[in-house]
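Me: I would like to go through the terms used for a ligand site. Please show the structure, and I will ask how each term is justified.

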Amino acid sequence: MVRIAVGILFIAVIVFVYRAWIHANPATVGFTLLVAILVISAIWGLRYAIFLSIISTLAYNFFFLPPIGTFTIADPQNWVALTAFLCTAIIASQLAERARREALSANRRRGEVERLYALSQDLLAAENVLSLVNAIPRNVVEALNATAVGIFLIERKKVYFSDLKAQELLNEEDLKAVANRGEPAQGVTPDLNFVPLRVGVRSVGSLGVAGARTSPQILDAVGSLIAIAIERAGAVEKLAHSEASRESDRLRSILLDSVTHDFRTPLTSIKASAQTLLDGALNDESRHELLTIINEESDRLDRLVGEAAEMAQLDSGALELHLEPHHIREAIEAAITSTKNALAKHPVNIVVDESIPETAMDLRRIGEVLAQLLDNAAKYSIPETQITITAEVQGRRLVTSVADQGPGIENFDQGMIFDKFYRGRGQRSIIQGTGMGLAIAKALVEAHGGTISVFSQLGRGSVFSFSLPLQLH
Ligand code: ADP
C-alpha cells in the first residue's frame, strides 16, 4: 500500500509540475510519465508498474489530452497516442521486471555458489572423519541458512545433528530410509528435504535439511560434496595409518639392526675375556684387567638394552610420567652419580642458583636426560676438558644446560642429531653409539612440556639446553 501511495504521489507530482509550472506539449508529459513508470518497474517490479501505468494513462488523458478536464477524447489520433502510451508502459515494465528478476536470481545463485565454495573449503580442511562428521551439520546450517541439519552415515550407523533442536525437527528413520533408497525425498513440511550422500551411484548416507530455501540441485550438490569429503577424509586417515605402521615397521627393523650390531661388540669382548680367563694360567694383573673389561662391557650391554627398551616404550606412546616438585639440583646429582665412570676424566663445574624454585618433573626421567647429555659431553670431548652444568630461570621456564669443550657439531648435523638413530657424520665411525640417546632425551623433555636444543661451534664445543615449564604462582 505504501508503495502504491508513493507511486501515485510520484505521478501526481509530475502532473502537477507540468500543469502548474511548465506548460509542455503532451508528448513531453507522456515521455516523462513513461520514464517514471520504468523506474518504478525496475525498482519494485511489474505489479506496481502496471497499476501505475493505468493511473498514468487516465491522468494523461484527463489533464493533457483535449478536451482537458474530461475522460473523453476528441481527436481519434489521441486514442492512438494513449494506447501507445499504455502499451509502451506495460511492455517496457515487463522487460525491466525480467531484467530485475534475472539480476536477482543471478545474485542468489552467485551467493549459493559462494556458500558452496566456502562449504567445500571447510569440508576439505578436515583431517579425520570424526571431526569432519561432527562439523558438517553446522557447516551446512551456515552455508544454506538452514534451521537444522542432520547427516546419517551408513558405515557408522549414526546420525549427526547440528544441534539439539535438529533432533526434534529431523526424523532419524527418514534419514535412514533415504540413505538406503538412495533417492531424495521431501519431509512432512515443504521446507524439510532429504538427499542421499552419493559417491558415484553408491549411497554412503543421507543429509536432512530443515528451513532452507534452496533448489534441489544445490541440495544435491551439497550431498555429493559431503560424500566426497567423507570419502577423502577416510582415505587420508587410512593412508596415515598405513604410513605410520610402515614407518614403525621400518624403525623396528632399524632398531633391531642397530641393536644387534651394538650388542655384538660388547658381547664379543665379554666372550673373549671369559674364554681367556677359563683357559687359566694368568697372573693377577691380567685377570683383573679381563674382569674389568667384562664388568664395563656388561654395563654397556645393560645400557643398550635399557635404551632399546625405552625407545620401544616411547614409540608405543606408553610413557608414564610421575610428576612431583623437585629441585633441579637433585636431578643433576643423580645424573652425575650415574655417569661417574664416564665423567672420571673431566672436571665438572656446576652453576646452579639455589633460589630456583622446585619444578614439576619426573625425577628419574630428567635425571636420565641429564645423564645422556653428560655422557655425550664426556664421550665426544677429549679428556681433561671441562664440562659445565648450568640451571637458570628464563621467563616462565627453567633452562638447564650442559656445555662441553668438544669438537662441536656441524650445522647440518645440528638439525638431525635429535632424530632416532642419527649419528653425527664425523663421529659415526670413530666413537661407538646407537644414535638413540638424544632422541630419547628429546621425547622425555617434550613429554614434560619442554624443549631441547643445541648451540654449537665447530672446534669450540657444544651447549645442549633443555627447558621445563615452571608453575609460577
Ligand atoms: P650416539 O651418541 O649414540 O651417537 P646420540 O643420540 O646421543 O647418539 O647423539 C647423536 C649424535 O649427536 C652423535 O652421534 C654425535 O654426532 C652428536 N653429539 C651428541 N652430543 C654431542 C656432543 N656433546 N658433542 C659433539 N657431538 C655430539
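Me: How do the residues of the shell around the ligand divide into nonpolar, polar and charged?

Reply: Eight are nonpolar, nine polar and three charged. Ala, Val, Leu, Ile, Met, Phe, Trp, Tyr, Cys and Pro count as nonpolar, Asp, Glu, Lys and Arg as charged, and the others, Gly among them, as polar. This is a predicted model, where local features need pLDDT of at least 70 and side-chain atom pairs pLDDT 80 or more, while totals for chains, interfaces and linings use all residues. Residues are numbered from 1 along each chain as its sequence is written, and side-chain values use heavy atoms, without hydrogens and water.

Me: What makes the approach of R423 to the ligand a polar contact?

Reply: A polar contact is a pair of N or O atoms within 3.5 Å; within protein, one must be able to donate a hydrogen and the other to accept it, and residues adjacent in sequence count only if both atoms are side-chain atoms. A polar side-chain atom of R423 lies 2.5 Å from a ligand oxygen, so the pair qualifies. Backbone N or O atoms also lie close to ligand oxygens: 2.9 Å for G424 and 2.8 Å for L438.

Me: Why is D404 said to have no salt bridge?

Reply: A salt bridge needs a side-chain nitrogen of Lys or Arg within 4 Å of a carboxyl oxygen of Asp or Glu. For D404, the nearest side chain of opposite charge (Lys and Arg count as positive, Asp and Glu as negative; His and the chain ends are not counted) is K379, 11 Å away, so there is none. D404 is nevertheless buried, meaning under 20% relative accessible area (1.4 Å probe, protein chains only). Its side chain reaches the backbone nitrogen of G406 at 2.9 Å.

Terms used:
Buried < 20%, exposed > 50% of the residue type's maximum accessible area, 1.4 Å probe, protein only.
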